[in-house]
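Please have the sequence and the structure open while I talk. I will go through one helix, then the contact between the chains.

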Amino acid sequence: MIKKLFKNKNLNLIIGTVIVAIMVLFMLVGIFAIPYESTDISASLKFAPMSLEHPFGCDNFGRDILSRVMEGTIATFKVALGTVIIGTFFGIIIGGVTGYFGGIIDEVLMRVIDAVFAFPSILLALLFISILGSGTYQVTIALGIAFVPSFSRIVRAEFLKAKNMDYVRMARLMGASNIRIMFVHILPNIYPVLISSIMIGFNNAVLAEASMSYLGIGVQPPEPSLGRMLSEAQTYIFKVPNYALFPGIAVILLILGFSLLGDALGEK
Amino acid sequence: MDFVMSENVSKDLLLKVTDLNIEFLDRSKPSTVVYDFDLELRAGEIVGLVGESGSGKSMSALAIAGLLSRKDMNKRGEILYNGVDMLHCDRNTLRKIQGNEIGMIFQEPLTCLNPVQKIYKQVEEPLRIHQNLTKEERYKKVLEALKGVELADPETVMNQYPHELSGGMRQRVMIATAMINEPRILIADEPTTALDVTIQAQIIKLLKKLNKERGTAILFISHDLGLINNLCERVLVMKGGYIVESGKTEDVFNNPQKEYTQNLIKAIPKINI
């Protein structure tokens, strides 16, 4: 199947795969062969320019920006992945149950979802963080909960469409239980829609994590995160542009790669 | 297995429907679509159900298959199978009968097959649900079932997706799925309407064969009187939710009592050259 996709010369897929591969490689290097400790401070290296030892230069504490971008990308990626997993998992369950069964469960759950949806997701995440406290895991959970409504709506719409299809009726006729119909018969059918929305959700999660850290409630200092680096770099943007440039590029590549990939997979 | 049905067994009453009334409650005002539907189905017989669209024939069939929704609907009467009232029993009891004792095939074989599952998995599904068999046993049964519906190359078909098959092949796959647990009743809801005439003839032949070999009782729903005439022993004629006439096919066709039936029979195109 993957071979077939590439044969069609789907440009989105090729570019997306290349970018994602580069980012994954970048993160793997960050995990196994990081050039410097990302929290090592050195007064003599303050705002050191780009050089062979420090390809991306150093920041206001003399920390190596390359190492920090690597670790920051990993942190952002982890949060985004966790967010998407939480959102998709509960989204499938809530969306599936409401869409498939309908009736009073649907009414109640969807009104709750509507209420949650009415808040901007950042605001909602802020609310959860004020309850749970700040930190990487808390941000992941908060963003995950904030992402549940959009996923469950998408899944619900697809289940509503599928539940009146003849093949579902056929499955019921064979004596399949509701759970079996939901997860064995319907779920594989909504996979294209689900993949695209997971990819879009991932991008939003990257952005959301970056903005949370930018606001100072995500990953806690001195641990690096892309959003936090951007916010710190803001002060020095004209003096040391490379400080803001590289985390920004990392965010852009992460989002671009996954959205191109999502587009290509959804099209198929 | 012994497929020869003795005289005694063939008179076995399988299904008895009495006074079935179906009323929809989810419309602006309640509307009844089936009135006082009665049916007796014996092992090994083929009963035809004729009527124009909207006459309630499909609704009655869905009720017998246990596929009507439990909400927004008022159902009265009795559908007795093996002493179980299928209209009012709980879901688990119903599920044990569905797919195991009663099979059903529909008009449009493409939409009835799951587009993302291979044929093998779909034919296997009733086995997985109702019987405890090992993988090899299931494979053998599926192969047997696909051969039983006269598919030319069952091993290839197994690994194909529904969109790769022709209409006739899809309908055969549907029949294989419905028949794999050797149900005693098969409900065929206009199974040949979407097919062209030659394939239609083959499917009818196949249904006849299954009926003869296994003694499966078939409830054949159609608006094609010619088909009913050549296939069924007994026939029910429905109009506007009521059964207007019923009896032996020859009697109904040769000597229709009601005006509606007479008009229906008149409407069969005759070729006079």
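**One helix and a contact**

On one side of helix 5 of chain A, L123(A), S130(A) and I131(A) are exposed, exposed meaning that 12 or fewer other C-beta atoms lie within 10 Å of a residue's own, buried 20 or more, and partly exposed in between, with C-beta atoms placed from the backbone. Helices here are DSSP runs of H or I with at least four residues, strands are runs of E with at least two, and both are numbered from the N terminus.

This is a predicted model, where local features need pLDDT of at least 70, side-chain atom pairs count only at pLDDT 80 or more, and totals for chains, interfaces and linings use all residues. Residues are numbered from 1 along each chain as its sequence is written, and chains are lettered from A and ligands numbered from 1 in the order in which they are written.

Which residues of helix 5 of chain A are buried? They are S121(A), A125(A) and I129(A). Seen down the helix axis, these buried residues fall within an arc of 75°, so they line one face of the helix; the arc is taken over the directions from the axis to the C-beta atoms. They pack against helix 6 (136–163) and helix 9 (191–214) of chain A. Just after helix 5 of chain A, G133(A) has a positive phi of about 90°.

Now the chains. Chain A gives 16 residues to the contact and chain B 21, where two residues are in contact if their C-beta atoms, placed from the backbone, lie within 7 Å. On the chain A side, helix 7 (residues 166–173) gives the most, with seven residues.
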